[in-house]
Structures are given as structure tokens and as C-alpha cells.
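Me: I should be grateful for a close look at one part of this protein, namely the helices of its second domain and the way they pack. Please set that part in the context of the rest of the chain.

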Amino acid sequence: MKLYEAGPARSARVRWTFQELGVDFESVPIGMMAGEHRKPEFLAINPAGKIPVLDDDGLVLTESAAICIYLADKFPAKQLAPSPTEVQQRAQFLRWIFFCVTELEQPLWRTARHQFVYPEEKRLAADIELAQQEFLAMAAVLEAHMQGRFFVAGDHFTVADIITAYTLDWATMYGWLTNFPALNAYLERMYQRPAAPPRMAVAFAAMNR
Ligand SMILES: N[C@@H](CCC(=O)N[C@@H](CS)C(=O)NCC(=O)O)C(=O)O
């Protein structure tokens with residue numbers, strides 16, 4: 001299996017999943033700073049020009065959350081996803097993944113765009129302020145959910161935790177997580193796992209070295 005990846009990009013969720021599973025993969029680094037994700041060779045693989053992409057013997061899959069769930073389903077021994085027959089557990093697992101990639105991640109991504117993706121003349125400080133408000137309101141929902149819980153869905157570690165912890169780590173880059181003690185404790189616990197990738201700040205620092 002080939003993973004097209006770039007250090008702290010959302011591909012880190014997939015790398016983390018592989019590492020938890022103990023499954024080997026071929027890494028294909030894509031130089032985002034050099035714009036390799038916009039070159040015709042890469043666009044032929046993912047016309048959206050985004051990372052990550054998984055190529056599993058010709059099955060080309062994009063969307064980091066979908067890839068993590070696919071890998072968890074493909075290698076069920078580690079129980080990184082409830083099986084589709086466990087309908088209620090699977091529903092809660094998917095619910096928190098969707099919550100994460102829509103309610104939490106989108107304000108973070110909007111902020112990143114205004115900070116370094118959009119051309120300078122299109123960057124709006126006011127939109128970052130709105131994005132932060134929206135993120136904080138949804139983080140409060142997750143903070144309440146995490147009271148007395150170790151994992152975001154169910155009673156053991158799953159890819160829902162990988163996706164959530166990665167996203168919360170992203171929020172720490174903006175200083176948005178300071179008032180959420182349960183989320184901070186959860187984040188620290190998740191990144192203490194031996195299979196966890198480097199924290200985003202560390203990965204960015206390594207890229208800029
Ligand atoms: N929803 C996608 C988002 C992927 C995404 O936007 N990746 C970023 C890197 S973290 C990217 O490739 N950005 C390039 C661009 O938007 O031009 C996923 O989760 O895989």
C-alpha cells in the first residue's frame with residue numbers, strides 16, 4: 001500500500017492508523033511547499049490536489065477519515081473501528097468522526113487558509129474571528145462529552161480518537177484549546193501512545209529546518 005503524505009498534513013492521521021495497526025506501507029512524500037500537489041502527475045492521482053491519498057493495489061482513496069476507517073475495517077484484529085454489524089456502536093463512532101471533520105476541522109482549515117493559503121489580498125482577519133467562535137462553541141460540546149470518558153466513542157481506542165486528537169492538536173497551534181481541561185488531558189493521553197506521530201508543532205518545525 002502506498003501513502004502519499006506530507007509531515008503534519010492530514011496524512012498524519014493515516015500514518016498514525018498504519019502505525020497502530022503495525023502494517024507496513026510505502027511512503028510517497030509530496031513536497032507541498034514546492035507545490036508538488038498541484039503538478040499534473042499528482043492531479044492525475046487526486047484531481048482535488050489534496051493529501052493524503054492511499055493506493056491499495058489500484059484502489060485509490062482520498063479523504064483522510066475515509067482512509068482511516070477503510071484501514072481499520074481491512075485489518076479488524078486491532079479493533080480500531082466497530083464492525084458494521086455493531087450498528088449502534090458504529091453509528092456513535094461515525095457520529096464523532098463527522099462531528100470532528102465538519103464542526104471542529106472546518107473552522108481550523110478556514111483559519112489556515114486565511115493565514116497562509118489564500119493570496120494575501122484575500123485574507124480576512126474577521127473571518128478568522130468567526131471561525132474561532134464557531135470552533136470554541138463546538139469544542140465546548142466535545143469537552144462536555146469527554147467528562148469521565150477515555151475515548152471519544154466506545155470504551156477503547158479507535159480511529160475516531162486518531163482523527164479527533166489530530167484535530168485538537170491542530171487547535172493547540174492557534175492557542176484555541178486553553179480553556180478545555182478534559183480535551184487537553186485527552187490530547188496528551190492520545191499522543192502518549194507509542195504509535196502516535198509527532199505533534200503538529202514538532203512536525204512543522206522539522207519541515208522548516
Ligand atoms: N478533507 C480532506 C482534506 C485534505 C486536505 O485539504 N489536505 C491539505 C493538507 S493538510 C491539502 O492537501 N491542501 C492542499 C490544498 O488545499 O491546496 C482530507 O481529510 O483528506
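Reply: The protein is divided into two parts, domain 1 covering residues 2–80 and domain 2 covering residues 87–201. The model is a predicted one.

The helix packing is best followed from α4, which spans residues 87–117. Its partner α5 spans residues 125–145, and the two axes come within 9 Å of each other and cross at roughly 160°. Because angles over 145 degrees count as roughly antiparallel, α4 and α5 are described as roughly antiparallel to each other. Their crossing is left-handed. On the α4 side, the contact is made by Glu103, Leu104, Pro107, Leu108, Arg110, Thr111 and His114. These residues meet Asp127, Ile128, Ala131, Gln132, Glu134, Phe135, Met138 and Ala139 of α5. By class, this contact of α4 with α5 holds eight nonpolar, three polar and four charged residues.

Helix α4 also packs against α6, which comprises residues 159–173. Here the axes of α4 and α6 come within 9 Å and the crossing angle is roughly 20°. Because of that angle, α4 is roughly parallel to α6. The crossing of α4 and α6 is again a left-handed one. From α4, the participants are Phe93, Trp96, Ile97, Cys100, Val101, Leu104, Glu105 and Leu108. From α6, they are Ala160, Ile163, Thr164, Thr167, Trp170 and Ala171. The contact of α4 with α6 divides into 11 nonpolar residues, two polar and one charged. Two residues of α4 serve both contacts: Leu104 and Leu108 meet α5 and also meet α6.

From α6 the packing continues to α7, which runs over residues 181–191. The angle between α6 and α7 is about 115°, and their axes lie 10 Å apart. Helix α6 passes α7 in a left-handed crossing. In α6, the residues involved are Asp161, Ala165, Leu168 and Asp169. Their counterparts in α7 are Leu183, Leu187, Met190 and Tyr191. The contact of α6 with α7 comprises six nonpolar residues, two charged and no polar ones.

The context for these helices is the boundary with the other domain. The C-alpha centres of domain 1 and domain 2 lie 20 Å apart. The contact takes 14 residues from domain 1 and 12 residues from domain 2. On the domain 1 side, the elements giving two or more residues are α1 (11–21) and α3 (64–74). Of the elements on that side, α1 gives the most, with seven residues. By class, the side of domain 1 that touches domain 2 has eight nonpolar, three polar and three charged residues.

The ligand site deserves a place in the same picture. The residues surrounding the ligand are Ala9, Arg10, His37, Gly49, Lys50, Ile51, Pro52, Glu63, Ser64 and Ala65. By class, this shell has four nonpolar, three polar and three charged residues. Two of its members, Ile51 and Pro52, are joined by a cis peptide bond, with omega about 15°. Pro52 sits in the loop between α2 (40–43) and β3 (53–56).

One further backbone feature may be noted. Asp57 lies in the loop between β3 and β4 (59–62). Phi of Asp57 is near 50°, a positive value in a residue other than glycine.

Technical notes. Residues are numbered from 1 along each chain as its sequence is written. This is a predicted model: local features need pLDDT of at least 70, side-chain atom pairs count only at pLDDT 80 or more; totals for chains, interfaces and linings use all residues. A residue is near a molecule or strand if its C-beta atom, placed from the backbone, lies within 6 Å of it. Ala, Val, Leu, Ile, Met, Phe, Trp, Tyr, Cys and Pro count as nonpolar, Asp, Glu, Lys and Arg as charged, and the others, Gly among them, as polar. Domain bounds come from an automatic or database domain assignment. Two residues are in contact if their C-beta atoms, placed from the backbone, lie within 7 Å. Helices (H or I, at least four residues) and strands (E, at least two) are DSSP runs, numbered from the N terminus. Axes are lines fitted to C-alpha atoms, for helices over the stretch in contact, and angles run from 0 to 180 degrees between N-to-C directions. A crossing is left-handed if the near helix is turned anticlockwise from the far one by less than a right angle, and right-handed if clockwise. Angles under 35 degrees count as roughly parallel, over 145 as roughly antiparallel, 65 to 115 as roughly perpendicular and the rest as oblique.
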